[in-house]
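Hi,

Here is the structure I promised to pass on. Have a look at it first, and my notes follow below.

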Amino acid sequence: MADSKVVIAPFENTPLETIAAVSSTARTTFSSHKTKDLQWRLVQLRKLYWALEDFKPAMVAALDQDLHKGGFEAVFTEVDWVKNDCMFMINNLERFAKTEKLKSPDVPATYSLMNFRIKKEPLGAVLIIGPYNFPIQLLLAPLVGAIGAGCTAVIKPSELTPACAMVIKEVIETRLDRDAFSVVNGGIPETNALMNEKWDKVFFTGSAQVGSIIAKKAAETLTPVCLELGGKNPAFVTKKANLELAARRLMWGKTLNAGQVCMSHNYVMVDKDVVDTFIDFLKAAYKEMFPNGAKASKDLSRIVNARHFHRIKKMLDETKGKIVMGGETDEAELFIEPTAVLVDSLDDSMMQEESFGPVFSIFPVSTLDQALELAPQVHRTPLALMAFGDKAETDRILNSMTSGGACVNDAYFHGAVHTVPFGGVGDSGWGAYRGKASFDTFTHFRTVSETPGWMDRFLRVRYMPYDWSEYKL
Ligand code: NAD
């Protein structure tokens, strides 16, 4: 339950005319080289860790205000989530940042007397843009990587979750080095103003449509981007799967944060012989998770705003499929019940776009072959894939279709463990983070060679005039 004593400042856009100065401060601070000092980075990470602890009540309250997110999810998937990333970075930073000496077989014997090494250098001043669904986690987990790597950073939270945006601003600007880290609040004009500045990397999490806008703009100045995008994620359930377990886990996968999760399944391809049993198990899981109905549960988040509520409702209104579970909606509360729709066409509204809500379709298939032929037509490179079946079947699914990451016999876990890299593939994302990947994504791996002077005895051959006698040209 959110703490009613917490006071969150009203949302304010950052004045557009100040944005150039914010970006310039980040660049100037980086040029001062202070962020290169490992001890400085560790201090910032420790400060962030303790700020997360101190601001936990404010964050829980803000998540309640913005998304009606329950306390358990707020702590588990946002505050403690980032604390885990932070602790992992603190404990491993020295190892990640250490210069790597290259030896045989990475360096051929001919060059083994030279010194080849890879220096881990921070990329510079970076911009981190976040979406609304995990408004704390998806900004601060990348920030952990940026701090660890030794970058300065400007953060742009989603304007759709204004309470979280203001808490993040307070955390960053009161607890971390103000010259190195700051927050710009606002929507499209503020993001555009930020994108007009020069960055050493842009780390964007959000929709594919906006990701494409960001990537195009960044390309104008050849600024590298990490894109963490969405997609239409499939789940596969075969006859040999443990149907009860699959139904319960997939039910959870669509109710966490009311399905507003980039990794949640959009549709489930189920063997037609077991589809009725699967639906019965789904309904049983629903009853178990929401004994008094989903609306009465304090654990189910609401849809972020009326626009997204209507987007999801339209998918339900336009479906030609049959609602087999849920279906209730209430605009006043921005409530959408966890809903499953039995569909038989890829053209159905439920299959056409990313649902990003607690609704999904069940698509009966005659064989696994049919499922594997249809799924790439829905989305060839989804962010996530969930496979339920026996070992041979799940191996076949993984080998037949790609995805950013995949879960065998579960939902989410490939992207839920703080030490394991997470990212998309193709149009569901470029690059990865979490664990060591968070450090790497903000790091320049600079190869340095050093040639001892005495080696000229052997290397003289490189100097002109060349001896052509051996070459029959
Ligand atoms: P969004 O793309 O609408 O917004 C993301 C950010 O971009 C926000 O900060 C927003 O202010 C800014 N923005 C929006 N429109 C813009 C424009 N025209 N020009 C410049 N900036 C703009 O995303 P959202 O609706 O907040 O989040 C949902 C999407 O994010 C879903 O598609 C979901 O799959 C994806 N997502 C991906 C991941 C991941 O890790 N891969 C995680 C969460 C969400």
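**What I found**

According to an unreviewed UniProt entry, residues 7-448 carry the annotation "domain: Aldehyde dehydrogenase". UniProt positions are given in the numbering used here, feature names are shortened, and annotations may be inferred rather than shown by experiment. The C-alpha atoms at the two ends of residues 7-448 are 51 Å apart, and the span is 43% helix and 19% strand. Helices (H or I, at least four residues) and strands (E, at least two) are DSSP runs, numbered from the N terminus.

Two things to keep in mind as you read. Residues are numbered from 1 along each chain as its sequence is written. This is a predicted model, where local features need pLDDT of at least 70 and side-chain atom pairs count only at pLDDT 80 or more, while totals for chains, interfaces and linings use all residues.

**The seven-stranded sheet**

One open sheet has seven strands in the order β10-β13-β14-β9-β8-β15-β16, with mixed pairing. Two strands pair if DSSP finds at least two bridges between them. The edges are taken by β10 (322-325) and β16 (405-408); each has a single partner strand, so one side of each has no neighbour in the sheet. From one strand to the next, the twist averages 25°. Axes here are lines fitted to C-alpha atoms, for helices over the stretch in contact, and angles run from 0 to 180 degrees between N-to-C directions.

Within this sheet, β9 (residues 265-271) and β14 (residues 359-365) run parallel and are joined by five bridges. If you want a spot to click on, Val270 has Pro364 in β14 as its bridge partner.

Two helices lie across these strands. Helix α9 (residues 243-255) lies across β8 (233-237), β9, β14 and β15 (384-388), and runs at about 165° to β9. Helix α10 (residues 275-289) lies across β8, β9, β10, β13 (339-342) and β14, at about 50° to β10. Contact means that the C-beta atoms of two residues, placed from the backbone, lie within 7 Å.

**The three-stranded sheet**

There is also an open sheet of three strands, ordered β1-β2-β20 and paired antiparallel. Here β1 (100-102) and β20 (443-450) are the edge strands, each with a single partner, so one side of each is left without a neighbour in the sheet. On average, neighbouring strands of this sheet are turned by 25° against each other, direction ignored. Eight bridges hold the antiparallel pairing of β2 (residues 115-122) with β20, and in β20 the bridge partner of Lys119 is Arg446.

Met114 sits in the loop between β1 and β2. Apart from its neighbours within four places in sequence, Met114 is in contact with Ser449, Glu450, Thr451 and Met455. Met114 is partly exposed, because 14 other C-beta atoms lie within 10 Å; the cut-offs are 20 or more for buried, 12 or fewer for exposed, and partly exposed in between, with C-beta atoms placed from the backbone. The C-alpha atoms of Met114 and Lys103, eleven residues apart along the chain, are separated by 9.8 Å.

**Around the ligand**

Which residues are the closest to the ligand? They are Pro131, Gly206, Val210, Gly230 and Cys262, out of 28 that surround the ligand. A residue counts as near if its C-beta atom, placed from the backbone, lies within 6 Å. The elements giving two or more residues to this shell are α7 (188-195) and α8 (208-220), and α7 gives the most, with three. By class, the shell has twelve nonpolar, twelve polar and four charged residues. Ala, Val, Leu, Ile, Met, Phe, Trp, Tyr, Cys and Pro count as nonpolar, Asp, Glu, Lys and Arg as charged, and the others, Gly among them, as polar.

**Backbone oddities**

Most residues other than glycine have a negative phi, and most peptide bonds are trans. With that in mind, four places are worth a click:

- The Ser104 to Pro105 peptide bond is cis, with omega near 5°, and Pro105 is in the loop between β1 and β2.
- The Met464 to Pro465 peptide bond is cis too, with omega near 0°; Pro465 is in the segment after α16 (456-459).
- His33 has a positive phi, near 70°, and lies in the loop between α1 (19-31) and α2 (38-54). His33 counts as exposed because it has 11 C-beta neighbours inside 10 Å.
- Phe356 has a positive phi, near 45°, and lies in the loop between α12 (349-352) and β14. Phe356 counts as buried because it has 24 C-beta neighbours inside 10 Å.

Cheers
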